[in-house]
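Notebook open, model loaded. I want to look up the aromatic contacts first and the charged pairs after that.

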Amino acid sequence: KINTRYMIFGKTQKIMKTGISKYSKEFETTKENTQILVRANEGDGVNYTMCNNWKPKNEVSFKDIMDVRVDLLGFEMMASPFLRKSVDMYSKYYDASNSQINLFIFEKSDKIGVAVYEGTKFKETLTLEKQFERLGI
């Protein structure tokens, strides 16, 4: 159980760092000013939008964040359900529809964090690792 959690957490964190690094160069800004917005989509997955200074800029795919053409090892199949469970968990916790929940993934002091918003209202911030623990992964 611990090895699986560490593997999924480790891979997800590495992928998010890759995306933040890639898009900070594209936006010509710092990693601290680059975020990945995760929102529920119409189905049972999530959409990703790169943000510059907390402002949504362009919708991207998981492969764009990974900076690959093909997700050979299926990391999206591993990370996306975790991210969708996170959106659903906060929608229940804050008694809001899941379309109202915005998760901003950001990098600070070499750690990946998650900032939770209901609409534009800030709710809380925690590390990605803590979010994995909350989900019992």
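**Entry 1, aromatics.** I started with the cluster: Trp54, Phe104, Phe106, Tyr117 and Phe122 group together as one aromatic cluster. Note to self: this is a predicted model.

I then asked for the number of aromatic pairs, and the count came back as ten. I pulled up Tyr23 with Phe27, one of the pairs; the ring centres sit 6.1 Å apart and the planes make 45°, a tilted arrangement. I checked burial for these two as well, and both Tyr23 and Phe27 are buried.

Next I looked at Tyr117 and Phe122. Their ring centres are 5.4 Å apart with the planes at 70°, so I logged this pair as edge-to-face. The cut-off for that label is an angle over 60 degrees. Both residues belong to the cluster I began with.

How buried or exposed is each partner here? Tyr117 has 19% relative accessibility and goes down as buried; the limit is under 20%. Phe122 comes out at 45%, which I noted as partly exposed.

**Entry 2, salt bridges.** The structure has six salt bridges. I went through some of them.

Arg84 with Asp88: the closest N and O atoms are 3.1 Å apart. Where do the two sit? Both are in helix 3 (residues 75–93), four residues apart, or about one turn of the helix. Arg84 is buried at 10% relative accessibility, while Asp88 is partly exposed at 24%.

Arg134 with Glu124: here the closest N and O atoms are 2.8 Å apart. I wanted to know which elements this bridge joins. Arg134 lies in helix 4 (residues 128–134) and Glu124 in strand 6 (residues 121–127), so the bridge ties together parts ten residues apart in sequence. On accessibility, I have Arg134 as partly exposed at 40% and Glu124 as buried at 15%.

Glu133 with Lys130: the closest N and O atoms are 3.7 Å apart, and the cut-off is within 4 Å, so I kept the pair. Both residues are in helix 4, three residues apart, which puts about one helical turn between them. Glu133 is partly exposed at 38% relative accessibility, and Lys130 is partly exposed too, at 41%.

**Entry 3, recap.** For the aromatics, I have a tilted pair in Tyr23 and Phe27 and an edge-to-face pair in Tyr117 and Phe122. For the charges, I have Arg84 with Asp88 inside helix 3, Glu133 with Lys130 inside helix 4, and Arg134 with Glu124 linking helix 4 to strand 6.

Terms used:
Residues numbered from 1 in each chain as written. Predicted model: local features only at pLDDT ≥ 70, side-chain atom pairs only at ≥ 80, totals over all residues. Heavy atoms only, no water. Phe/Tyr/Trp six-rings, centres within 6.5 Å; stacked < 30°, edge-to-face > 60°. Buried < 20%, exposed > 50% of the residue type's maximum accessible area, 1.4 Å probe, protein only. Salt bridge = Lys/Arg side-chain N within 4 Å of Asp/Glu carboxyl O.
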